[in-house]
Amino acid sequence: MRVLGIETSCDETAAAVVERAADGTPAILSNVVLSQIEDHAAFGGVVPEIAARAHVEALDGVIEAAFADAGVTLADLDAIAVTAGPGLIGGLIVGLMTAKAMSAASGVPLIAVNHLEGHALTARLVENVGFPYLLLLVSGGHTQIVEVRGVGDYRRLGSTIDDALGEAFDKTAKLLGLPYPGGPSVEEWAARGDGKRFSFPRPLRGEARPDFSFSGLKTAVRQAANSIAPLSDRDVADICASFQAAIVDTLTERLGKALAAFTSSYPEQSDRVLVVAGGVAANKAIRAALETSCSASGFRLIAPPLALCTDNAAMIAWAGAERLAADIETGDAMSVVPRSRWPLDEAAAPLIGSGKRGAKA
Ligand code: KG4
Ligand code: ZN
């Protein structure tokens, strides 16, 4: 089957065509991503109104490019899969309305996809991974650990109770005067600094549930910076290194709880897998820490290539194809409305303050 994917939930306008053979073998026929980073850089973060307008201007051209790269037309499709949430509502409306119009005009069925399900299933687009497996999603809008039990079957083991991890990097960069997006800048400065100079907090350490909290860490960074201002280059490098060291420690400790919980839930499973997704997965110190944790706990780490770890439409098309193949009743997608919040695990109780920004996923 062939599925067109459309993604407009944050600051990437994306379209892709993905194929799924009867035996489940995937193929990405095209994967077009137009980033709006430059439109938002001056503001130090994503501006929802600018994002929505940019999607309107770019989406038809991006879809055309995805068709041209794949060498297919609308008539060759089995479905159109579109992100219906969570994300910025203006962008979601643009993608969903476009997809509905294409579906209504052509008769090709529409599938409304949860953006987080796209991240959760990407591993199966790049490797032969069976269920269940663990997912660590660390992006600008989400930080959560999810047990992926099957297509449409997710259990959230832990989540942030305040800021997302990428958001913590972005805010730290902003207060140090480093460019947006903050993650890459903080990583670059950290490489030249002393990670032991400042002792920043390790929030929620020792808690049984693998939840996260990053807002106190950000406040500690601000206080440290204020107390020694004006900052020299050495100070900035040392703050970045100490911040990153706190993050690495926290991730290692929190993830350890999740790996142990998964192992005791599935004692018989021999091939235990942790999949990492989201832009923060680009961080080399974090990757190295995940490798170490996984090998110590008998897990295999799967980190999809960065272009598939960060927001893209191939993952949305793939989630649509997996849903089609699993014959999951998707309901009347024409009446679906976009949702700024849409937890993967609807049964999990909301955590106080989590996802309050709701901007990036
Ligand atoms: O997945 P992504 O591209 O977009 C969404 O959030 O949906 O993730 C972007 C986030 C930003 O917060 C960015 O600062 C962070 O990932 N990031 C990094 C690195 N590269 C990107 N964080 C830490 N280290 C990096 N090298
Ligand atoms: Zn995302």
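A polar contact is a pair of N or O atoms within 3.5 Å; within protein, one atom must be able to donate a hydrogen and the other to accept it. The exercises below apply this and related criteria to a predicted model.

**Exercise 1. Determine where histidine 119 lies, whether it is buried or exposed, and which side chain it contacts through polar atoms.**

Step 1. Histidine 119 belongs to helix α4, which covers residues 115-126.

Step 2. The relative accessibility of histidine 119 is 1%. Buried means under 20%, so histidine 119 counts as buried.

Step 3. The side chains of histidine 119 and aspartate 311 are in polar contact at 3.1 Å. This distance falls within the 3.5 Å cut-off.

Step 4. Asp311 is also among the residues that come nearest to ligand 1, together with Gly140, Asp170, Glu187 and Gly279.

**Exercise 2. Describe the surroundings of ligand 1: its polar partners, its burial, and the elements and residue classes of its shell.**

Step 1. Begin with the backbone. A polar backbone atom of glycine 140 lies 2.6 Å from an oxygen atom of ligand 1, and for a polar backbone atom of glycine 183 the distance to a ligand oxygen is 3.0 Å.

Step 2. Turn to the side chains. Aspartate 170 places a polar side-chain atom 2.6 Å from an oxygen atom of ligand 1.

Step 3. Consider the area. Ligand 1 taken alone exposes 550 Å², of which the protein buries 92%.

Step 4. Assign the shell to elements. Two or more residues come from each of α5 (165-175) and α6 (182-190); α6 contributes the most, with four residues.

Step 5. Sort the shell by class. The 20 residues around ligand 1 divide into six nonpolar, 10 polar and four charged residues.

**Exercise 3. Characterise histidine 40 and isoleucine 89: which helix holds each, and is each buried, exposed or partly exposed?**

Step 1. Histidine 40 is located in helix α1 (residues 37-41). Its relative accessible area is 0%, so histidine 40 is buried.

Step 2. Beyond its neighbours within four places in sequence, histidine 40 is in contact with Asp11, Gly45, Val46, Val47, Ile50 and Ala51.

Step 3. Isoleucine 89 lies in helix α3 (residues 89-106). Its relative accessibility is 41%, so isoleucine 89 counts as partly exposed.

Step 4. With residues up to four places away in sequence left out, isoleucine 89 touches Pro338, Arg339 and Ser340.

Step 5. For a separation in space, take aspartate 153. This residue is 64 positions from isoleucine 89 in sequence, and the C-alpha to C-alpha distance is 25 Å.

**Exercise 4. Assess the overall fold: what is its secondary structure, and how does its radius of gyration relate to the globule rule?**

Step 1. The protein chain contains 11 helices and 10 strands.

Step 2. The radius of gyration is 20 Å, close to the 21 Å that the globule rule gives for 361 residues; the chain is therefore as compact as a globular protein of that length.

Step 3. The C-alpha trace spans about 65 × 50 × 35 Å along its principal axes.

Step 4. Of the 361 residues, 56% count as buried. The exposed area of the protein chain is about 14,400 Å², with 54% of it supplied by carbon and sulfur atoms.

Step 5. Finally, examine contacts along the sequence. Among those between residues at least 6 apart, 75% join residues at least 24 apart.

Notes: Residues numbered from 1 in each chain as written. Chains lettered and ligands numbered in written order. Predicted model: local features only at pLDDT ≥ 70, side-chain atom pairs only at ≥ 80, totals over all residues. Heavy atoms only, no water. Near = heavy atom within 4 Å. Areas by Shrake-Rupley, 256 points an atom, 1.4 Å probe, with all protein chains shown as cover. Nonpolar A, V, L, I, M, F, W, Y, C, P; charged D, E, K, R; others polar. Rg over C-alpha atoms; globule rule 2.2 N^0.38 Å. Buried < 20%, exposed > 50% of the residue type's maximum accessible area, 1.4 Å probe, protein only. Contact = heavy atoms within 4.5 Å.
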